[in-house]
Amino acid sequence: MARKPFDLEKGAIRPIKRGLWTAAAEKLSEAETAILSMEKAEHRAGYENAWTRFVDSLEGFWVRFYDEGKAQFSSFQPWAGKVEAVRKSEDLLQYLIQARHQSQHGRIPMDWEQGKLLIAPGFNGHIKSLQTYADGTYEIDAKPLHDGLPEAKVVHSPGKPLLPTIVNKRFNQTFAPPERFDGQVISNRSPTGIARTALDFYLDVLKRALEQFQT
């Protein structure tokens with residue numbers, strides 16, 4: 001008689017074997033997804049929720065990574081200690097650690113630029129009158145210089161997201177949005193720019209650890 005595999009019980013949750021630091025890598029994947037959510041967000045609540053998921057996922061990676069590493073390898077803690085020293089010395093990494101603490105206490109995790117109205121951007125012609133209203137509507141009397149040119153519009157620019165200064169009142173510490181990382185000026189200091197810089201750092205940490213400890 002031929003052998004057959006066991007039938008799986010209906011509704012059963014099948015076990016799987018995870019590789020080294022797979023659970024930690026899942027957190028970095030969550031962090032990447034959170035960045036993409038920020039980049040595609042259509043309102044502030046969605047953006048701020050994605051930022052919270054990002055800082056939570058990033059710190060979740062480190063906790064899982066460190067816990068598994070020290071349990072698996074006797075030489076891991078000295079190696080990871082060098083990474084921890086960077087986490088403490090680099091303003092960008094410390095800022096994100098503090099942002100995670102802030103988000104866990106339910107505080108608003110983001111600042112925003114002051115909103116403004118853009119009057120007839122790209123319009124070429126004469127504007128005779130303009131009236132705006134509190135309900136978000138407007139009336140404009142404008143004539144393009146030539147037929148076929150775009151009409152005049154009023155565009156609402158609600159303001160871009162800005163990283164806030166974080167104040168840790170318990171320890172009387174202040175963490176300003178980071179300006180430098182690894183000795184270099186950060187070219188993109190937007191929340192997503194800071195997030196991608198940090199994610200690249202932790203991806204490299206995982207890569208180097210796998211090269212060092214994977215057998």
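H1 passes H2 in a left-handed crossing, and that pair is a good place to start looking around this predicted model. From there, we'll move to the packing around H3, then to a strand hairpin, and finish with the aromatic rings.

**H1 and H2**

- Helix H1 covers 22-40 and helix H2 covers 44-72.
- Their axes come within 8 Å and cross at roughly 165°, so H1 and H2 count as roughly antiparallel to each other, since that label goes to angles over 145 degrees.
- On the H1 side, the contact is made by Ala23, Ala24, Glu26, Lys27, Leu28, Glu30, Ala31, Ala34, Ile35, Ser37 and Met38.
- H2 answers with Tyr47, Ala50, Trp51, Arg53, Phe54, Ser57, Leu58, Gly60, Phe61, Arg64 and Phe65.
- Sort the residues of this H1 and H2 contact by character and you get 14 nonpolar, three polar and five charged.

**H3 and H5**

- Helix H3 takes in residues 76-89 and helix H5 residues 191-213; their axes come within 12 Å, crossing at roughly 165°.
- That angle makes H3 roughly antiparallel to H5.
- Here the crossing is right-handed.
- From H3, the residues involved are Phe76, Trp79, Val83, Val86 and Arg87.
- Across from them, H5 brings Phe201, Tyr202, Val205, Arg208, Ala209, Gln212 and Phe213.
- The mix in the contact of H3 with H5 is nine nonpolar, one polar and two charged.

**H3 and H4**

- H3 also meets helix H4, residues 91-104: the two axes come within 5 Å and cross at roughly 80°.
- H3 and H4 are therefore roughly perpendicular to each other, as angles of 65 to 115 degrees count that way.
- Val86, Arg87, Lys88 and Ser89 do the touching from H3, while H4 offers Asp91, Leu93, Gln94 and Ile97.
- In the contact of H3 with H4, three residues are nonpolar, two are polar and three are charged.
- Val86 and Arg87 are worth a second look: they take part in the contact with H4 and also in the one with H5.

**The S3 and S4 hairpin**

- Strand S3 (residues 125-132) and strand S4 (residues 138-144) run antiparallel, joined by seven bridges.
- Together S3 and S4 form a hairpin, with five residues between them.
- Look for Gly136 in the turn, which has a positive phi of about 90°.
- To trace the pairing, start at Gly125, whose bridge partner in S4 is Pro144.
- Then move on to His126, which stands opposite Lys143 in S4.

**Aromatic pairs**

- The structure holds 19 aromatic pairs.
- One of them is Trp21 with Phe73: the ring centres are 6.0 Å apart and the planes sit at 45°, so the pair is tilted.
- This pair links distant parts of the chain, as Trp21 and Phe73 are 52 residues apart.
- Trp21 lies in the segment before H1, and Phe73 in the loop between H2 and H3.

Definitions and conventions
Residues are numbered from 1 along each chain as its sequence is written. This is a predicted model: local features need pLDDT of at least 70, side-chain atom pairs count only at pLDDT 80 or more; totals for chains, interfaces and linings use all residues. Side-chain values use heavy atoms; hydrogens and water are left out. Axes are lines fitted to C-alpha atoms, for helices over the stretch in contact, and angles run from 0 to 180 degrees between N-to-C directions. Helices (H or I, at least four residues) and strands (E, at least two) are DSSP runs, numbered from the N terminus. Angles under 35 degrees count as roughly parallel, over 145 as roughly antiparallel, 65 to 115 as roughly perpendicular and the rest as oblique. A crossing is left-handed if the near helix is turned anticlockwise from the far one by less than a right angle, and right-handed if clockwise. Contact means heavy atoms within 4.5 Å. Ala, Val, Leu, Ile, Met, Phe, Trp, Tyr, Cys and Pro count as nonpolar, Asp, Glu, Lys and Arg as charged, and the others, Gly among them, as polar. Two strands pair if DSSP finds at least two bridges between them. Rings of Phe, Tyr and Trp (its six-membered ring) pair if their centres lie within 6.5 Å; planes under 30 degrees apart count as stacked, over 60 as edge-to-face and the rest as tilted.
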